[in-house]
Amino acid sequence: MQRDMVICPNCGHEGKLTSYIDGCDACGAKFLVSDFETKVSGFSLEEDARQKSISNFMKAGAVVGITAISLAVLAICAGGIMFLLLALGRNGYNAVKAAAAMMLGIGLAPVFFRSLFYMLIIFIVMLIVMETRRKPRIQDESKVKAAIPEFSTGNFLQNLEYQLRMIHLADTAEQVRFFASCDLDTVVARYQNVVDCCICGVRFLEAETRGESYRISVEVRTRLTLDTGKKIRNRYEEIRLELEGRQDVVTQHSRALREYKCPNCGGSVDILGGGVCEYCNTAVDYRNFGWLITSYTNLGQPENPFAKILAGALGSYLLILLLSLVLMAHSEDGKDTFEILQSVRMSTEYLKAVQQDIIYPDAVISDCTETDSEEGTFASIKVYSCGDRDAVKEAYKTALLEKGFLEMQQYPEGFSVFLPEDPSEYAVDSEEGMFYLVIRTENASEGIAVTATLVDENWDPVQE
């Protein structure tokens, strides 16, 4: 073998080692690929649960960091808007909204920034705890080495991964009976939606010599990739296997390719065809090629201690964050923030309450029908169809003035009136009148539109 090029022992064809997995391209002979130079080894221990848990914790930290930065940006932007409104003399409802957003950012941003420090401490503790629970992916290899001095872990695991992958991807147990002497019907039936399989960890239980054969008992942790029909997802399982192999076969370290030949006629055998020679119908014994599975037991979902450690770490952080938020809410800044938010919330209820006492055009003139309406959080719009729009607007204006509204502006398209109320129970500063109910009536496509809203005392209908 030169680099990754090998020569077919059946016909002499030279090709890359990977091309022989499905058989020789020239003569079709079937082989067991067992290159131990790490270039094309089918064996790999994938899925580091510890690293995955660390990655998930770091993602949570990134979310907290982004939240803290977003709150800081909110405080800065809202503060800028508030000071601009105050500079323009608009010290009413819009300024209160900006102040509420600014106070919310000022109150919460430091909490989340401080929580990042606590998260760092928890992260360090989590790493220490994980390190104490960390186990090698290949455990108790010495048990096998003591019984089988020539044992090759790489050879064994490559052979095992190949067998397990074939079993998980097989359509019927008949296709993989070559690999096992035990019944695989129920095993293969359980894996019908599996599209990939890899070994995550191995623990050797025992090894012993039986006559001219070796027997090994091992627990294997695997990650299965399943196609559920709607999405691809992973599932983990733990398997207990017993394998048996001839001493002169499983201890040899021969060339990279070993051909599957029929011991009776010498013909090439397709192992996925059940390991039966198509020429003389002789069944090939896999013990002549590697480790044969004699017992296959599914132990179910393996325990993942790192997932529990991650859950404990995130739970500790959330508890600290919740405690910090409670302390912030009971601080002076927190109380001020919630008072402003309460003011904004009450202003909405105030608008809903005063709307019940508003006179609308259809209550003044019979020749006026509501055709459309839109209810917002702080404003409502109603559209009416009517005959003479100017007459309706004049009659409606008169009714509003009699109700106590004051005229703000008269313009060609309509008019605006306002009603000063006493909103002290909704304001942060009880001495400042902040909200006024304004009704604006103007022409619509088929009649008139009436808008009722809350505005501050410096509102100018011309600017609106």
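**Surface positions, sheet order and ring contacts in the predicted model**

F338 has a relative accessible area of 45% and is therefore classed as partly exposed, since this class covers the range between the 20% limit for buried residues and the 50% limit for exposed ones. The structure described here is a predicted model. F338 belongs to helix α8, which covers residues 332–355. Although 238 residues separate F338 from A100 in sequence, the C-alpha atoms of the two residues are 8.1 Å apart in space.

A second partly exposed helical position is L120, for which the relative accessible area is 47%. L120 is part of helix α2, comprising residues 93–133. A distance of 9.7 Å separates the C-alpha atom of L120 from that of M58, a residue 62 positions away along the chain. D140, with a relative accessibility of 32%, is likewise counted as partly exposed. This residue is located in the loop connecting β4 with α3 (141–147). The phi angle of D140 is near 60°, which is a positive value in a residue other than glycine.

Over the whole protein, the secondary structure consists of 10 helices and 15 strands. The protein contains 464 residues, of which 43% are buried. Its accessible surface amounts to about 23,900 Å², with 53% of this area belonging to carbon and sulfur atoms. Of the contacts between residues at least 6 apart in sequence, 65% connect residues that are at least 24 apart.

An open sheet of 5 strands is found, with mixed pairing and the strand order β4-β5-β6-β7-β9. Its edges are formed by β4 (138–139) and β9 (292–300), each of which pairs on one side only. Strands of a sheet pair through backbone hydrogen bonds, and the pairing can be parallel or antiparallel. At the β4 edge, 2 bridges connect β4 to β5 in a parallel arrangement, with Q139 opposite R203 in β5. Between β5 and β6, by contrast, the strands run antiparallel and are joined by 14 bridges. One of the facing positions here is R210, which stands opposite S213 in β6. The two strands form a hairpin in which 2 residues lie between β5 and β6. Within this turn, G211 has a positive phi of about 65°. At the other edge, strand β7 (residues 232–246) is connected to β9 through 7 bridges, and these strands run antiparallel. E244 has L292 in β9 as its bridge partner.

Within this sheet, R215 is placed in strand β6, which spans residues 213–227. Its relative accessibility is 5%, so R215 counts as buried, the limit for that class being 20%. The side chain of R215 makes polar contacts with two glutamates: one of 3.2 Å to the side chain of E206 and one of 2.7 Å to the side chain of E208. When neighbours within four places in sequence are set aside, the residues in contact with R215 are E206, A207, E208, R210, E242, L243 and E244. Two of these contact residues recur in the sheet pairing: R210 faces S213 in β6, and E244 is bridged to L292 in β9.

Aromatic pairing was examined over the whole structure, and 8 aromatic pairs were found. In one of these, F156 and F204 are tilted, with 5.6 Å between the ring centres and 50° between the ring planes. This pair connects distant parts of the chain, as F156 lies in helix α4 (residues 153–169) and F204 lies in strand β5 (residues 194–210), 48 residues apart. Both F156 and F204 are buried. The two rings also take part in a cluster, in which ring pairs link F151, F156, F204 and W291.

Charged side chains are also found over aromatic rings. R190 is positioned over the face of Y191 at 5.3 Å from the ring centre. In a further case, K382 lies over the face of Y360, where the distance from the ring centre is 5.4 Å.

Definitions and conventions
Residues numbered from 1 in each chain as written. Predicted model: local features only at pLDDT ≥ 70, side-chain atom pairs only at ≥ 80, totals over all residues. Heavy atoms only, no water. Helix = DSSP H or I, 4+ residues; strand = E, 2+ residues; numbered from the N terminus. Buried < 20%, exposed > 50% of the residue type's maximum accessible area, 1.4 Å probe, protein only. Polar contact = N/O pair within 3.5 Å; in protein donor to acceptor, adjacent residues only side chain to side chain. Contact = heavy atoms within 4.5 Å. Areas by Shrake-Rupley, 256 points an atom, 1.4 Å probe, with all protein chains shown as cover. Phe/Tyr/Trp six-rings, centres within 6.5 Å; stacked < 30°, edge-to-face > 60°. Lys NZ or Arg CZ within 6 Å of the ring centre and 35° of its normal. Pairing = 2+ DSSP bridges.
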